[in-house]
Amino acid sequence: MVNNKTQQKKVYISVLALTMMNVSMVAGLANDVQQSFYGLASVTYFALGAILFFIPTALVAAELASGWSERGGIFRWVGEGLGKGWGLTCLLILWFQTMLNFGIAMPSFTATILFYTPNYDAAVKFAQNPQHEVLIMTGWVLFYWLLTFLATKGIKAFSNIAKYGVIIGSLIPLAIMIILAIVWVAQGHQPVIPMTFKGLIPKWNGMSTLALAAGVFFSYTGIDMNAAHIKQLRHPEKDFAKAMFISVILAFLIFVIGTVIIAMIIPEKQINVLYTLFSVFRVLGSTIGMPWLYMVLVWALLCNTVAMVVTNMSGPSFMLGQAGGSGFLPKWFQQKNKNNMPAHLMYTQITGTTIIAYLVKLIPNVEGFVILLTQTITVLYLFYYVLMFTTFLRLRYDQPNRPRAFKVPGGMFGAWLVGGIGILSSIFGIVLAIWPPAQVKAEVGSPVVYVSVILVLVAVILGICFVMYQLSKKHSNWVDPTNKFSPFTWEVEGLKKPGKALSNIPTTVMCEHQNPMGMPIKRPYTPDQQMPSAEVKATDAATSTDK
């Protein structure tokens, strides 16, 4: 009876909810403006980014999630392939990049505050010359704190927020853009860019052309982050893969369609990253006598922002909190509220975000500071993906027989093709992020300062990761014996670190009825232990039925 009650209380999220959570991590109409500078060629950039980075990421994450579906997401996967230290490093990189990203982005909301009113001309003037910025930004800071509080309410709360936020804030506005753009063209307006095949070919402008390509790669990062919630799916091994592939399609459409419409309507010299999207909706709204339509869009985009913030503030902390209970974080950071969310960790993160936001507004050289932090985030995040792709390839060799509900097609050739492209794309992006831009002297001082500061910031964060892992090995009392984090398969098989294992036993079977990670192994297996293929198939079928 107790078990039945516990089962009834388990909260599941649907494939649709996870898909919307993924899309909120990656795509939004506000992201399209920067790429619209490149006109129809932006389609080519987004296609290359999808082929060389986005699709490999989705394929690899789907295989890793289907083979190692226990709690932990990226920590579980990288820990299985490369060891606990690198797994913890991935989680901390995610946690820090969210803190820095939101801290950098928050001040831009300050300049666009008047677009929430019907006075478009006043809003443009204010965006070009904002006043009382610290006071207005304080309001946004408080709003972000409120969203963090909502994120602490648990998986059901923020999955619903993400689902409806993306639908209202991205998909519905995109549909309106498409319909009104057709009306705009039907009324006789001419696109300001040539709508020809030749326009798809990017113009070569030296390193800046390559930098744009790397920027598109970074636009696609984050789709794997919601693997933290894989155990909240009814059929984890299969539903996660479905959500990933639907997310890829939706994100690509949001990027490409939104960017092309913006480029068609607003001349390149008039594009402003802060408010061009609102200008587009004002123009499109005028085609049906509703120039104030931009204001509706602003409020709709706020829904998407809410979805993005709530999802990002919950995802990395949720994963880090799960691993923390296995002995990787001090007890204070492990503490969960009644909704099973690591509230202390989440409030620590938003505190760091707040500090970064005020630093952006208060230091003299704001632009240089933002560029340095942005490039640091890029280097760290792409390094994270190097680890993920490397893990994928290593597990193909170290655990070749481990059942996976989904496998990257093509055997080892397909694995090397997909994983190799992912690694090379990530390294390519890291090199370009460190490469000093043409305007570096005006913004930072010199190329040496630029490169040095980025490398130092990256070293500091990686140093924190290293120190935290070393401390965890010396504090066995950090382990929560009631944590729900299963041990790694190589621990269950008696290995000291990841290594060769020819076992064909599914991870779900191997981790069943085990003590939590950090505790003695309860049911040991051997690296070569086999299960009859019929039992493996039966186990796979059982995990695909409702519980």
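This note goes through the side-chain contacts of a predicted model, point by point.

1. Salt bridges. A search of the whole structure finds five salt bridges. In one of them the side chains of Arg 396 and Glu 63 meet with an N to O distance of 2.8 Å, and this pair links distant parts of the chain, since Arg 396 belongs to helix 16 and Glu 63 to helix 4, 333 residues apart. Neither partner lies open to the outside: Arg 396 is buried at a relative accessible area of 5%, and Glu 63 counts as buried at 1%.

2. A shared acid. Glu 63 also meets the side chain of Arg 404 in a salt bridge, here at 3.0 Å from N to O. Glu 63 lies in helix 4 whereas Arg 404 lies in the loop between helix 16 and helix 17 (411-434), so the pair ties together parts that are 341 residues apart in sequence. Arg 404 is buried as well, with a relative accessible area of 11%. Through shared partners, the salt bridges join Glu 63, Arg 396 and Arg 404 into one network.

3. A further bridge from that loop. Arg 402 forms a salt bridge with Glu 493, the closest N and O atoms being 3.1 Å apart. Arg 402 lies in the loop between helix 16 and helix 17, and Glu 493 in the loop between helix 20 and helix 21 (507-510), so parts that are 91 residues apart in sequence are tied together by this pair. Both Arg 402 and Glu 493 are buried.

4. Aromatic pairs. The structure holds 25 aromatic pairs. Among them, Phe 46 and Phe 255 are stacked, at 5.0 Å centre to centre and with 10° between the planes. Because Phe 46 lies in helix 4 (residues 41-67) and Phe 255 in helix 11 (residues 236-265), the pair ties together parts that are 209 residues apart in sequence, and both residues are buried.

5. The cluster around Phe 75. The rings of Phe 75 and Phe 488 have centres 5.5 Å apart and planes at 45°, so the pair is tilted. Phe 75 lies in helix 5 (residues 74-81) and Phe 488 in the loop between helix 19 (447-474) and helix 20 (489-492), so the pair ties together parts that are 413 residues apart in sequence. Phe 75 and Phe 488 are each buried, and ring pairs link them with Phe 328, Tyr 469, Phe 485 and Trp 490 into a cluster. The charged end of Arg 76 sits over the ring of Phe 485, 4.9 Å from its centre.

6. Leu 387 and Cys 90. Leu 387 lies in helix 16 (residues 366-398) and is buried, with a relative accessible area of 7%. Leaving aside neighbours within four places in sequence, Leu 387 is in contact with Val 78, Leu 82, Trp 86 and Cys 90. Cys 90 is itself buried, at a relative accessible area of 0%, and its sulfur is 8.8 Å from the closest cysteine sulfur, in Cys 465, which is too far for a bond. The structure holds zero disulfides.

7. Ala 181. This residue is found in helix 9 (residues 155-186) and counts as buried at 8% relative accessibility. Ala 181 touches Ile 261 and Leu 284, not counting residues up to four places away in sequence. The C-alpha atoms of Ala 181 and Met 264 are 9.0 Å apart in space, with their positions 83 residues apart in sequence given as the separation.

Terms used:
Residues numbered from 1 in each chain as written. Predicted model: local features only at pLDDT ≥ 70, side-chain atom pairs only at ≥ 80, totals over all residues. Heavy atoms only, no water. Phe/Tyr/Trp six-rings, centres within 6.5 Å; stacked < 30°, edge-to-face > 60°. Helix = DSSP H or I, 4+ residues; strand = E, 2+ residues; numbered from the N terminus. Buried < 20%, exposed > 50% of the residue type's maximum accessible area, 1.4 Å probe, protein only. Lys NZ or Arg CZ within 6 Å of the ring centre and 35° of its normal. Contact = heavy atoms within 4.5 Å. Disulfide = S-S within 2.5 Å. Salt bridge = Lys/Arg side-chain N within 4 Å of Asp/Glu carboxyl O.
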